[in-house]
Amino acid sequence: MNTVLTKEKLEQILDQALQNVTEQTAGVRLNQGEQPLGEDLCTVHITFDKGFSTSLTLCADTSLLIRMARNSFHEDEVNSEDLEEFSKEYFNVLCGKIAGAMFQATQISAHFGPPMFYHGRYEPEGQEVQFVLTYSDVYREGAQLIHHVPCSHTDGADSEQE
């Protein structure tokens, strides 16, 4: 029988993976807090298409992602293509780490699709937020890791045919 994780255990797995991967790949230490995000945002999103019916979204201040990309690439400047490339690869590594930790905890193999990058905030259709982990760094730049689950409410109109 599959082991089901508590929300608290899942939050712990996501938090630990995000903090470790961010520090290792981008040299940035993020701490949980209530720092609101700014106006200039980017979002990276993945959907688990095997093992779990969930998705993850990272919405972050663009300035934070730019600094992380600069650190990772060891470059003083990054263009928009570099930012997108870094963000997708960083999120891919993060989600791989999460999938590995989830397997250790549940013995369920997970697979996720390729990360999608968006300028601004992205909200996946047909999904609702289960919880949000909010982070900031020493420069007060922020990020949110959002765990989505399929919408629990159903609309009876969907089953009607004309």
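**Figure 1. Packing of helix α2 against helix α3 in the predicted model.** Helix α2, which spans residues 62-73, packs against α3 at an angle of about 85°, and the axes of the two helices are 9 Å apart. Because angles of 65 to 115 degrees count as roughly perpendicular, α2 and α3 are described as roughly perpendicular to each other. On the α2 side the contact is made by Thr62, Leu65, Ile66, Met68, Ala69, Ser72 and Phe73, and on the α3 side by Asp82, Leu83, Glu85, Phe86, Ser87 and Tyr90. Sorted by class, the residues of this contact comprise eight nonpolar, three polar and two charged.

**Figure 2. His74 in the loop between α2 and α3.** The close-up is centred on His74, a residue other than glycine whose phi is nevertheless positive, near 55°. His74 belongs to the loop between α2 and α3, the two helices whose axes are 9 Å apart in the packing shown in the preceding figure. With a relative accessibility of 72%, His74 counts as exposed, because the exposed class begins over 50%.

**Figure 3. Arg140 in the loop between β6 and β7.** Arg140 has a phi near 65°, again a positive value in a residue other than glycine. The loop that holds Arg140 lies between strand β6, residues 127-136, and strand β7, residues 142-150. The relative accessible area of Arg140 is 59%, and this residue is therefore classed as exposed.

**Figure 4. Surroundings of Ser136 in strand β6.** Ser136 is placed in strand β6 and has a relative accessibility of 16%, so that it counts as buried under the cut-off of 20%. When residues up to four places away in sequence are not counted, Ser136 touches Arg29, Leu30, Asn31, Gln35, Glu141 and Gly142. The view also includes Leu37, which is 99 residues from Ser136 in sequence, while the C-alpha atoms of these two residues are 8.8 Å apart in space.

**Figure 5. The second largest pocket and its lining.** This pocket has a volume of about 180 Å³, and its lining is made up of Lys9, Gln12, Ile13, Gln16, Ala17, Asn20, Lys97, Gly100, Ala101, Gln104 and Ala105. The elements that contribute two or more residues to this lining are α1, residues 7-26, and α3, residues 80-106. The largest share, six residues, is supplied by α1. In terms of residue class, the lining of the second largest pocket contains four nonpolar, five polar and two charged residues.

**Figure 6. Asp15 in helix α1 and its contacts.** Asp15 is located in helix α1, the element that gives the largest share of the lining of the second largest pocket. At 17% relative accessibility, Asp15 counts as buried, because this value falls under the 20% cut-off. Once residues up to four places away in sequence are set aside, the residues touched by Asp15 are Gln32, Leu133 and Tyr135. Leu30, which is separated from Asp15 by 15 residues in sequence, has its C-alpha atom 9.8 Å from that of Asp15.

**Figure 7. Leu10 in helix α1 and its contacts.** Leu10 likewise lies in helix α1, and its relative accessible area of 10% places this residue in the buried class. Neighbours within four places in sequence being left aside, Leu10 is in contact with Leu5, Met102, Gln130, Phe131 and His147. Of these partners, Met102 falls within the range of α3, residues 80-106, Gln130 and Phe131 within that of β6, residues 127-136, and His147 within that of β7, residues 142-150. The C-alpha atoms of Leu10 and Gln24, two residues that are 14 residues apart along the chain, are separated by 21 Å.

Conventions: Residues numbered from 1 in each chain as written. Predicted model: local features only at pLDDT ≥ 70, side-chain atom pairs only at ≥ 80, totals over all residues. Heavy atoms only, no water. 1 Å grid on protein atoms, 1.4 Å probe; cavity = no way out; pocket = protein on both sides within 12 Å on 5 of 7 lines; lining within 4 Å. Points joined across faces, edges and corners; volume = space filled by probe spheres on them. Helix = DSSP H or I, 4+ residues; strand = E, 2+ residues; numbered from the N terminus. Nonpolar A, V, L, I, M, F, W, Y, C, P; charged D, E, K, R; others polar. Axes fitted to C-alpha atoms, helices over the stretch in contact; angles between N-to-C directions. Parallel < 35°, antiparallel > 145°, perpendicular 65-115°, else oblique. Contact = heavy atoms within 4.5 Å. Buried < 20%, exposed > 50% of the residue type's maximum accessible area, 1.4 Å probe, protein only.
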